[in-house]
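This briefing goes through a protein chain by topic, beginning with one residue and its surroundings. Please keep the sequence and the model in view while reading.

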Amino acid sequence: GQWRTRLQANAPNARRETIMHEQHRIDAVIEGAITVATVYDRQWFFAANDVAALKIVLDRTDGRRKEPATTLAADENFTASLKRMPGNYAILGYGRLDHYWERLSKQMTMNAGNDEQLRVLGQLRSITAASRIENGKFRDVLFLTMPKREEMGDLSRSSLSVATTNSILYAAGFLKIPEQMPLGTTNPAKASGFAGALPGIASILSAAGLTLEDWKNAFGPEVGIIADWVENSRWPSLAATLPVKDASKARTVVAALASGTAESGAWAESEKEGVQFYAKPPLSPMLPIAPTMGLSDRLFMLAQDPASAEAIVERSSSGSSGLTASASFKAAERLVAEPKEAFAYLDTALFYRRLDAAVRPMLIMAAAFVPRISESVELGKLPTADVVSKYLSPIVISQRYDTDGYLTESVGPLSLYQAAVGISLMTGAAAKLYDSSFQGLGSAVAVPGSGGNTPSDPFPLPSASPSEPP
């Protein structure tokens with residue numbers, strides 16, 4: 001009733017109709033091409049944007065219409081997807097997408113960029129998702145019906161060796177790289193964030209005469225992401241790693257990256273115990289980030305400062321991981337199936353404790369300069385970090401390919417879908433930070449000559465796996 005009242009208030013000029021169908025009273029609100037039709041049927045409440053379709057649903061619900069061949073129960077794709085869902089759930093959603101992509105491709109103007117995107121999306125036949133609450137935690141299952149994009153073997157999570165007990169985030173997955181990427185299709189001045197940088201990096205490597213095979217021969221496909229937040233530190237440190245397959249070729253690729261991005265600031269090159277480092281000066285006194293690339297015979301890393309890069313090298317040499325020894329990580333890892341395609345772990349309790357330690361003093365200082373804050377918020381009564389963190393547990397995500405699609409499981413105090421929204425917001429903020437801090441890194445470098453000097457297999461743009469976690 002409250003929902004209907006709000007609808008009437010928000011659309012005062014809409015036309016309202018009452019439509020009788022059998023014993024049902026359908027209330028329809030129509031404004032232009034938009035129709036919202038609602039009806040009660042015993043314990044059910046239905047809403048639709050098409051009155052005729054709603055009548056068919058009511059006929060099926062009441063048993064007047066029996067056409068089993070036209071229902072989802074007769075759809076092999078639906079029944080196969082439903083088998084991957086838990087036996088009980090709080091909410092379930094299913095979407096058939098293959099026909100939608102076909103219609104979309106006919107309506108869109110094709111070019112080299114969106115043609116590749118639609119080709120990949122066109123392989124996604126359906127999406128099925130379910131969520132339930134179990135022992136105080138959200139347990140989510142997501143299944144994407146589509147062919148496997150590329151065979152890369154099983155996830156080894158070798159980058160776990162550089163994670164520590166101070167790691168608030170650890171993620172591992174495969175860097176899926178398309179076979180072709182047209183160069184010069186992205187305008188770095190208009191592209192935002194990381195999307196604007198990748199084509200520029202691809203152009204840099206292509207200008208150096210490097211191809212897709214050079215990259216694949218230099219580095220393994222498994223990427224690791226680690227975020228450490230040391231106690232009493234204002235910021236977490238973020239790093240990404242790739243395994244090295246051929247150290248000589250990897251040095252050539254990294255040298256090309258350093259040379260091609262020197263216009264935005266020269267890289268300081270150094271070597272320590274056989275490990276090459278390329279570092280830039282801090283971007284800002286207020287935000288002490290000094291982008292650093294490190295390359296050993298085993299590992300390539302991109303870290304936010306030289307100290308973080310050196311620490312990663314030391315931990316990779318020891319082969320032991322503080323994170324895997326922690327009880328919380330072990331317990332969380334057992335809640336999901338063994339990952340084959342992707343894995344992510346977020347320690348929400350540790351994250352909140354570190355965030356509280358960094359932000360609380362700033363709030364108290366702000367209250368001293370802006371007394372009006374105390375009129376709305378009594379900072380002295382904010383719960384301590386320990387009070388809040390005891391209700392938090394890690395979020396763990398596992399993905400594998402199961403027969404005909406990608407199956408993702410998630411367990412934690414937040415739903416996978418809630419986390420996805422939060423990550424999207426943070427990614428947008430990170431993209432803005434990237435635009436302001438890393439200007440020039442994404443600048444496209446002219447590929448030499450339009451004649452025979454351009455590599456026949458240009459370096460492609462990396463793309464994520466179908467449902468790659470945060």
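S398 has a relative accessibility of 1% and therefore counts as buried, the cut-off being under 20%. The model in which this value was computed is a predicted one. The residue belongs to strand β16, which runs over residues 395-401.

**Surroundings of S398**

- A polar atom of the S398 side chain lies 2.7 Å from the backbone oxygen of A337.
- Apart from neighbours within four places in sequence, S398 is in contact with V336, A337, E338, P339 and A342.
- L407, T408 and E409 are also in contact with S398.

**The chain as a whole**

- The protein chain holds 14 helices and 17 strands.
- Of its 470 residues, 39% count as buried.
- Among contacts in the protein chain with a separation of 6 or more, 63% are between residues 24 or more positions apart.

**Surroundings of S81**

- Helix α3, residues 76-82, contains S81.
- S81 is buried because its relative accessibility of 1% falls under the 20% limit.
- Neighbours within four places in sequence aside, the contacts of S81 are Y94, S126, T128, F143 and T145.
- F143 is 62 residues from S81 along the chain, and the C-alpha atoms of the two are separated by 6.9 Å.

**Helix α9**

- Helix α9 comprises the 13 residues 306-318, which at 1.5 Å a residue should span 18 Å.
- The C-alpha atoms at the ends of α9 are 19 Å apart, in agreement with that expected span.
- The buried residues of α9 are S308, A309, I312, V313 and S316. These residues lie on the same side of α9, because the arc they cover around the axis is only 140 degrees.
- What do the buried residues of α9 pack against? Their partners are four strands: β10 (237-243), β12 (275-279), β13 (292-295) and β14 (299-303).
- A307, E314 and S317 are exposed and sit on the face of α9 turned away from its buried side.
- The N-terminal end of α9 is capped by D305, which has a side-chain oxygen 3.3 Å from the backbone nitrogen of A307.

**Aromatic pairs**

- A pair of aromatic rings is described by two quantities, the distance of the centres and the angle of the planes.
- The count of aromatic pairs comes to 10. One of them is the pair of Y40 and F45, with 4.9 Å centre to centre and 50 degrees between the planes.
- Why is the pair of Y40 and F45 called tilted? Its angle of 50 degrees is neither under 30, as for a stacked pair, nor over 60, as for an edge-to-face pair, so the pair counts as tilted.
- Y40 is partly exposed, at 49% relative accessibility.
- F45 is also partly exposed, with a relative accessible area of 37%.
- W44 and F46 form a stacked pair, with 6.2 Å centre to centre and 20 degrees between the planes.
- Within this pair, W44 has a relative accessible area of 46% and is partly exposed, whereas F46, with 15%, is buried.

**An aromatic cluster and a charge over a ring**

- Y170, F329, F343 and Y345 make up one aromatic cluster.
- Over the ring of F343 sits the charged end of R157, 4.5 Å from the ring centre.

**Positive phi angles**

- Most residues other than glycine have a negative phi.
- E273 is not a glycine, yet its phi is positive, at about 55 degrees.
- The loop between β11 (268-272) and β12 contains E273. With a relative accessible area of 80%, E273 is exposed, since the cut-off is over 50%.
- T403, likewise a residue other than glycine, has a positive phi near 65 degrees.
- Where is T403 found? T403 is in the loop between β16 and β17 (405-412).
- Is T403 buried or exposed? At 68% relative accessibility, T403 counts as exposed.

How values were computed. Residues are numbered from 1 along each chain as its sequence is written. This is a predicted model: local features need pLDDT of at least 70, side-chain atom pairs count only at pLDDT 80 or more; totals for chains, interfaces and linings use all residues. Side-chain values use heavy atoms; hydrogens and water are left out. Helices (H or I, at least four residues) and strands (E, at least two) are DSSP runs, numbered from the N terminus. The expected span of a helix is 1.5 Å times one less than its number of residues. Buried means under 20% relative accessible area, exposed over 50%, partly exposed in between (1.4 Å probe, protein chains only). The arc is that of the directions from the helix axis to the C-beta atoms. Contact means heavy atoms within 4.5 Å. A polar contact is a pair of N or O atoms within 3.5 Å; within protein, one must be able to donate a hydrogen and the other to accept it, and residues adjacent in sequence count only if both atoms are side-chain atoms. Rings of Phe, Tyr and Trp (its six-membered ring) pair if their centres lie within 6.5 Å; planes under 30 degrees apart count as stacked, over 60 as edge-to-face and the rest as tilted. A charge sits over a ring if NZ of Lys or CZ of Arg is within 6 Å of the ring centre and within 35 degrees of the ring normal.
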